[in-house]
Protein chains: 2
Amino acid sequence: MPAKKKAPPHPVETVGLDVLEDTLSFYIRSINIALSRDLDHRLEGLDVARGTGKITTLLLVDSHPGIRPSVIAQLILRDRSAMGRLVDQMIDHDLVTRRNAPDDGRAQELHITEKGADLARKVREIATKQSSDFFAGVPEEDQERLLDILRRVYRRTLGLDQ
Amino acid sequence: MPAKKKAPPHPVETVGLDVLEDTLSFYIRSINIALSRDLDHRLEGLDVARGTGKITTLLLVDSHPGIRPSVIAQLILRDRSAMGRLVDQMIDHDLVTRRNAPDDGRAQELHITEKGADLARKVREIATKQSSDFFAGVPEEDQERLLDILRRVYRRTLGLDQ
DNA sequence: TACTTTTAGTGGACAAACGCAACTATTCTG
DNA sequence: CAGAATAGTTGCGTTTGTCCACTAAAAGTA
């Protein structure tokens, strides 16, 4: 009798996830990990690696000149101090500029630099591509639906739409 | 003319998310943040705070006695070293035990402790409740659909189901 | 106008988590 | 038996985020 390969008591293919099996949050969290990793790879070397924060900030500043840090912070669900540091980084990389708001002494306005705008173009491509690649296995129709639902959840989470 | 409140150039309610608006990954990531925070709150003081990893591990060990760290690692998308540390913590908290696999000198088997089993019960409630609370605004039918889709994506990500 | 409260941004400190890479011991392949 | 693959451990570095306190400015109030 040939030595047979030892299978673990509970091989991956067959383990149930207990209660988590039916839990949206588990899947969201797991998929998020995979998604983030994938994205990080695609952004390698791009000055904007590691994260949703930088990308969103870059795109928002690009498409909304003069947008304020605190507004972005709300959208990416971070607190102001984290946001501040994020902006610091981006300024170091010469992606955006920060100036005081002319009409409100507390606030700042962010503007894109040329380098930032270039990067934003690249990032747009990468971000859309990665999202569609990643969900390539999901039928078009389901993707739409998913997008719809998640968008609503997101907005409700922010407290927009009531 | 009364001093009117200064509105920022781009108020939160109206800023578009540029390309990200139509990107599944953005929403997944954002919702993930909110979800994790919420969960952390609900788990406060419970020995298992901070994270998907611990919860999943706890439940899996409870419902699959003898399951191996490496198997769990695959399911929660972490590398073995992270998994090892996770188990260390849980052992410190007296939630699980670790013993060498009798038939495979490389492997280990995890078992739940009494304290761990108690906690697992609580966690099951909390986890299911939080997920349903969080998605309460989404119609039942959509939730099912969502769950279905995400489950498939998850499994495909793991490389199960081809 | 004067007083209080809220908002925007900054800076420090702290903790924790994660991934990579290197290394050991075992087991599998052929 | 030799070489490749697998399970787990450890150290290292890096990053990230959160909490808190503090300043300045503006809004609310009366």
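Let me start with a definition: contact here means heavy atoms within 4.5 Å. Hello everyone, and thanks for coming. This is a predicted model, where local features need pLDDT of at least 70, side-chain atom pairs count only at pLDDT 80 or more, and totals for chains, interfaces and linings use all residues. Residues are numbered from 1 along each chain as its sequence is written, chains are lettered from A and ligands numbered from 1 in the order in which they are written, and side-chain values use heavy atoms, with hydrogens and water left out.

Let's begin with one residue in chain B. B:Thr57 sits in helix 2, residues 52–63; helices are DSSP runs of H or I with at least four residues, numbered from the N terminus. Is B:Thr57 buried or exposed? At a relative accessible area of 1%, B:Thr57 is buried. For those labels, buried is under 20% relative accessible area, exposed is over 50%, and partly exposed is in between, with a 1.4 Å probe and protein chains only. If we set aside neighbours within four places in sequence, B:Thr57 touches B:Ile72, B:Ile76, B:Met83, B:Leu86 and B:Met90.

Now compare B:Ser70, which belongs to helix 3 of chain B, residues 69–75. B:Ser70 is partly exposed, with a relative accessible area of 35%.

Next, the two protein copies. A turn of 180° and a shift of 0.0 Å along the axis lay chain B on chain A with an RMSD of 0.0 Å, using a least-squares fit on C-alpha atoms of residues with pLDDT of at least 70 in both. That is how a two-fold axis relates things. The same surface serves both copies, as 99% of the contact residues of chain B recur in chain A.

On to the DNA. Which residues are closest to DNA strand C? Of the 23 residues that surround the strand, the closest are A:Arg37, A:Arg80, A:Gln108, B:Arg78 and B:Gly105. Near means a residue has a heavy atom within 4 Å of the strand. Sugar and phosphate make up 65% of the atoms of DNA strand C that come within 4 Å of the protein.

Some individual distances may interest you. A polar side-chain atom of A:Arg37 is 2.5 Å from a phosphate oxygen of DNA strand C, and one of A:Arg98 is 3.4 Å from a phosphate oxygen of that strand. On the base side, a polar side-chain atom of B:Ser81 lies 2.8 Å from a base nitrogen of DNA strand C.

Finally, helix 4 of chain A gives the largest share of the surface near DNA strand C, four residues.

Definitions and conventions: Helix = DSSP H or I, 4+ residues; strand = E, 2+ residues; numbered from the N terminus. Polar contact = N/O pair within 3.5 Å; in protein donor to acceptor, adjacent residues only side chain to side chain.
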